[in-house]
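Trainee: Before we look at any details, could we go through this entry together by question and answer?

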Amino acid sequence: MTPHSNIPPSQPQANKLSPTPVLARVFSTDHRIIGIQYLILALVSVIIGTLLSLLMRIHLVWPDWPLALHGPILPEDYLALVTIHGTIMLFFVLTTAPQAGFGNLILPAQIGARTMAFPGLNAASFWLTAIALITLLASTFAPGGAAISGWTAYPPLSAVPSSGPGQALGMDLWLASIALFAIASTASSINTLTTILRNRCPGMTWERLPLTVWGWFTAALLSIIAFSVLLAAILLLFCDRHAGTSFFLPNGDLVNGVLHQSGNGSPLLWLHLFWFFGHPEVYIAILPGMGLTSMLLANFSHRRVFAYRTMIVTTLLIGLLGILLWGHHMFVAGLNPFASSAFSISTMAIALPAAAKVLSWLATTWRSRPSYKTPMLFALGFVSLFITGGLTGPILAQPILDEYLHNTFFVVAHFHLIMAMAGIFGLYAATYYWFPLITATSSHPGRLLSEPLGHLHFWCTLIGAYAVFLPMHLTGLAGEPRHYAQLTGIPSPGSSLSPAGALLSHTLPLNRFITYAAIFLAAAQLLFFINLTRTLYKGAFASSNPWRATTLEWHPTMNPFTPSPASDTAEISVHRTPCHYQFTSTEISFLPQWAPVSFAQDKIEKATDSKPE
Amino acid sequence: MIWSRLTSAATLLPWSLPADASAHGPALDHHLLLNLWIALALLALAHLILLTGLLARRHSAPNHLWRIEYLPLAALALLFSTLTVKAERLWAATRYTGASPTALQVEVTGVQFAWYFRYPGPDATFGLTHPNLVAPGEGNPLGIDPNDPHSADDHVSSQLVLPANREVDLRLNAQDVIHGFSIPEMRLKQNAVPGQTIHLHFTPTTPGTYAILCTQLCGLGHYRMNATLRILPPDQFANWLATQQKAAK
């Protein structure tokens, strides 16, 4: 079924007369401006989050190093760094940039729509997200300190203000921030889903949707399910803190001399609710990147995506399984061991659709004629990091092995390779690829980021990513736990190392290497900022379709920043799935989704359907 | 042959697994190393295919070919199923059933930021505890009820001392927040959750001194919530226990 009405009547405010044009632009309901606003918010967040992670790394290996204007990093400071780093990266970078940022910028154009379904709601979602970020940052200055419970905020630590520093106003602000974010994210996802359901142009059937759109679609479904549960959990936790309830507090809980006997709750209830959100959150962050990678590999290999339908099915399967396996975070949390077995099986099962995606990526690039533009390099980097990070997933899915590896740096390495590194590679691929669409204005076409600088940036980032996160597997195997402000333990009498100190300080040489690598990785990102700044002022102008892409966002009238009244815009319709390419000995021709030719299509399908010799 | 060589090579790595001193540990280590080698092999294979595909050039290609699409998936499904079954058997052996009735009983309590270990004494029964009796300053950090006759012979230690080669049944709980009871060298980890008593059983094998850590973020002193496990030969353990009980009286 194809919807027929995809043309909301008017262009947003940009063309309207307004007494305060600057304000009108800032509070615009234009999805393209909102998309850029989300990306700027994510950029600010990722800079803060990265600096915090560097402080943690430096503190781990040089614990006495005093921070300028602050002094030495105290244990509660370290845990605040952990908490704010995790929260800001998970929510304000990895959820926001791929889903809300690029979703707003590109999604409508990619399905042949002119706007998002609910422009007002869209703007409200962004400003709510911005307020959530400000609230989170403000929490670090709260009396009593920033929240120190980690991004998972396990009660009773987070539920009882007397449980130590960071559990008073800082924790309340943290909860308020996440609650606001959950509301914003749910609203934004409703918008995304409705746009995909209702605003597709004629001919854009479900099977012809670019895989990026399938990624956004599935992530939006997961967001609505997961964030609503998180919001409920946060409200319950807030009631435990201030309304005398005890959803998460057991009877007779004695924290720092304060006895709680008001009810008979269980901390495990929070773990269930939190991880019911927490694990889908991983897929919310990575699914759009997976979709984009599929499209970019096909585009730059000049191939169709291998097993297109299977890729759609695996995207949905990953979404479905993604909400059925939260319990693998709880193997040693106090669950019945039989429940752990069930969650182990559902977790192992998700390895299969993920592996199917990897197979498709390998088959798409297999003996193709790739052109190594920077977006392609980052897409290949995504594949590499996804494989490397993904392969430790089945290991952690086995409760008996998790019994040893849980909460060690092995887990940190696993999820950072997938979420942080593959996730960021997806974002870089998107930025380099869509930069001409982001920078085009009514007076000039978009600009291309510098290729030589892009290549250098890619290689430094790839090497840095592996140099930081591969050795972390080893420190984890050596037994180093997460969330430790220092690795020397309590000294035994005679100031020798205790058994714990001996075990933990064993990893210090490798930790030093990881810290140096992390500084290198962070420094390499300056290349991106140099490239960005340089290109914004004097980068080369791109043609209307510089990558020979076949999806609708590159349609000449879809150029997001060419303000053309809707009445002047030609009706767009779609005639095929994306990524149709054809070779002759001298050139590559391609058939965009919107090209109304049919004879060439037959030829191409014949050529590409043949078996390899 | 090859397998044992690979395994021994892995243990020679500079940052390898710490010593393994529990009865269930070697099987766990074996399964872990098997998993790591499989992951490493798949990693190498996938990257080899990726690089070969990129370097060897030609332009015709399938966009749908069942043997590429489904056969590797079937192989992976078989591989992961085998690993799951093997892992589940190991998990079942240690967790599906409790300790034998003759196992040594020790209660472990996590408190911000210390571990306390309570032994039931000759009557083999733990005395009652009440949170409102907790008074660390008065030498009663666990709130043991002095009016309960079973509590008279209980003794509390800051070290976990156990005999070698005898099964131990730990009953874990937490007084305030969630703590993570972990002994890496015993390949043991289990959260201690306030409001719950969780049983954990294992058999230490090699006498020595080992680290007990907290692995669940529990507040600012989390990183120094360490304790020591001492595994003694059975006769030395009996002496230690007798000394403790005498001191408790």
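**Chain B and the nonpolar cores**

Trainee: Among contacts in chain B between residues at least 6 apart in sequence, what percentage join residues at least 24 apart?
Mentor: Keep in mind that this is a predicted model. Chain B holds 5 helices and 10 strands. When its contacts between residues at least 6 apart in sequence are examined, the share that joins residues at least 24 apart is 70%.

Trainee: What radius of gyration does chain B have, set against a compact globule of 249 residues?
Mentor: The C-alpha trace of chain B spans about 85 × 40 × 35 Å along its principal axes. For a compact globule of 249 residues one would expect a radius of gyration near 18 Å, whereas the radius for chain B is 24 Å.

Trainee: How much of the accessible surface of chain B belongs to carbon and sulfur atoms?
Mentor: Buried residues, those under 20% relative accessible area, account for 52% of the 249 residues in chain B. The accessible surface of the chain comes to about 11,100 Å², and the part belonging to carbon and sulfur atoms is 63%.

Trainee: How far apart do the centres of the positive and negative side chains of chain B lie?
Mentor: Chain B carries 16 positive and 16 negative side chains. Although these counts are equal, the centres of the two sets are separated by 15 Å.

Trainee: Which helix gives the largest share of the largest nonpolar core?
Mentor: That core has 243 residues, and those touching the most other members include A:F91, A:W270, B:W115 and B:F181. Its largest share, 23 residues, comes from residues 409-439 of chain A, which form helix α13.

Technical notes:
Residues are numbered from 1 along each chain as its sequence is written. Chains are lettered from A and ligands numbered from 1 in the order in which they are written. This is a predicted model: local features need pLDDT of at least 70, side-chain atom pairs count only at pLDDT 80 or more; totals for chains, interfaces and linings use all residues. Side-chain values use heavy atoms; hydrogens and water are left out. Helices (H or I, at least four residues) and strands (E, at least two) are DSSP runs, numbered from the N terminus. The radius of gyration is taken over C-alpha atoms; the globule rule is 2.2 Å times the number of residues to the power 0.38. Buried means under 20% relative accessible area, exposed over 50%, partly exposed in between (1.4 Å probe, protein chains only). Contact means heavy atoms within 4.5 Å. Accessible areas come from the Shrake-Rupley method with a 1.4 Å probe; for residues, only the protein chains shown count as cover. Lys and Arg count as positive and Asp and Glu as negative; His and the chain ends are not counted. The place of a charge is taken as NZ of Lys, CZ of Arg, CG of Asp or CD of Glu. A nonpolar core is a set of buried Ala, Val, Leu, Ile, Met, Phe, Trp, Tyr and Cys residues joined through side-chain atoms within 4.5 Å.
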